[in-house]
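Please open the structure in a viewer and keep the sequence panel visible. The tour proceeds by selections, each followed by a short account of what is found there.

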Amino acid sequence: MDAFALAVVRLTLELPRTGAAEVLGRQLLRAGTSVAANYRAACRARSRREFVARLGIVEEEADESGFWMELLAKSGMVAPLRVRTLRTEANELVAIAVSSIRTARGARRSIPHSPFPIPHSELPIPHSDVH
């Protein structure tokens, strides 16, 4: 996680000195460093609930980091190849966080569990063999 945060810091230092790049860079810097900080906090959690909550933040911030990198690449502020590996790492961190959250919750569901609420109307209705 620290390596991801450091790579994000280095990337933001390479951005052009324009207003738009500074705004997007600031957003990326905040989200990317938050991944490492919240992972560290999760490792020091005092309860399973706190651990899951912190990992939920890790999931959200890693996903957001990927978004900002994608936007930087699509806008032409950085070369897409420059952020490809880092975006892949952000996606992997999201997957790791989701898997860890599931394990910590003891979830045996087919629905990915995320800290983002899913309205009940969107949940699949389980099929029953009994009619």
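The stops below move from the whole chain to one helix, then to a helix pair and to single residues.

**The whole chain**

Begin with the entire protein chain, bearing in mind that this is a predicted model. Its secondary structure consists of 4 helices and 0 strands, in the order α-α-α-α along the sequence. Of its 131 residues, 33% count as buried. With a surface display switched on, the chain exposes about 8700 Å², of which carbon and sulfur atoms supply 56%. Among contacts with a separation of 6 or more, 66% join residues 24 or more positions apart.

**Helix H4**

Next, select residues 80–105, which form helix H4. How far apart are its end C-alpha atoms? They are 37 Å apart, which agrees with the 38 Å that 26 residues should span at 1.5 Å a residue.

Within this selection, colour the buried positions: Val 83, Leu 86, Ala 90, Leu 93, Val 94, Ala 97, Val 98, Ile 101 and Ala 104. As a guide to reading such a list, residues three or four places apart in an α-helix point the same way, because there are 3.6 residues a turn. Which helices do the buried residues of H4 pack against? Display helix H1 (2–14), helix H2 (19–43) and helix H3 (48–74), since these are the partners to inspect: the buried residues of H4 pack against each of them.

Two positions mark the limits of this stop. Pro 80 is found in H4 and, at 52% relative accessibility, counts as exposed because the cut-off for that class is over 50%. The C-alpha atom of Pro 80 is separated by 7.9 Å from that of Glu 70, 10 residues away along the chain. After H4 comes Gly 106, whose phi is positive, near 75 degrees.

**The H1 and H4 pair**

Now hide everything except H1 and H4. Two packed helices are described by the angle between their axes and the distance between the axes. Here the angle is about 145 degrees and the axes are 11 Å apart; the crossing is left-handed. To see the contact itself, show side chains for Phe 4, Ala 7, Val 8, Arg 10, Leu 11 and Glu 14 in H1, which meet Arg 82, Val 83, Leu 86, Glu 89, Ala 90 and Leu 93 in H4. The residues of this contact divide into 8 nonpolar, no polar and 4 charged. From the H4 side, Val 83, Leu 86, Ala 90 and Leu 93 are also among the buried residues of that helix.

**Two stops on helix H2**

Restore H2 and select Thr 33, which lies in this helix. Thr 33 is partly exposed, with a relative accessible area of 31%. Beyond its neighbours within four places in sequence, Thr 33 is in contact with Ala 5 and Val 9. The C-alpha atoms of Thr 33 and Leu 6 are separated by 7.8 Å, although the two residues are 27 apart along the chain.

Move to Asn 38, also in H2. Is Asn 38 buried or exposed? At 9% relative accessibility it counts as buried, since the cut-off is under 20%. With neighbours within four places in sequence left aside, Asn 38 is in contact with Arg 54, Ile 57 and Val 58.

**A last stop on helix H3**

Finally, select Glu 61 in H3. Glu 61 counts as buried, at 9% relative accessibility. Apart from neighbours within four places in sequence, the contacts of Glu 61 are with Arg 30, Ala 31, Ser 34 and Val 35.

How values were computed: Residues are numbered from 1 along each chain as its sequence is written. This is a predicted model: local features need pLDDT of at least 70, side-chain atom pairs count only at pLDDT 80 or more; totals for chains, interfaces and linings use all residues. Side-chain values use heavy atoms; hydrogens and water are left out. Helices (H or I, at least four residues) and strands (E, at least two) are DSSP runs, numbered from the N terminus. The expected span of a helix is 1.5 Å times one less than its number of residues. Buried means under 20% relative accessible area, exposed over 50%, partly exposed in between (1.4 Å probe, protein chains only). Contact means heavy atoms within 4.5 Å. Axes are lines fitted to C-alpha atoms, for helices over the stretch in contact, and angles run from 0 to 180 degrees between N-to-C directions. A crossing is left-handed if the near helix is turned anticlockwise from the far one by less than a right angle, and right-handed if clockwise. Ala, Val, Leu, Ile, Met, Phe, Trp, Tyr, Cys and Pro count as nonpolar, Asp, Glu, Lys and Arg as charged, and the others, Gly among them, as polar. Accessible areas come from the Shrake-Rupley method with a 1.4 Å probe; for residues, only the protein chains shown count as cover.
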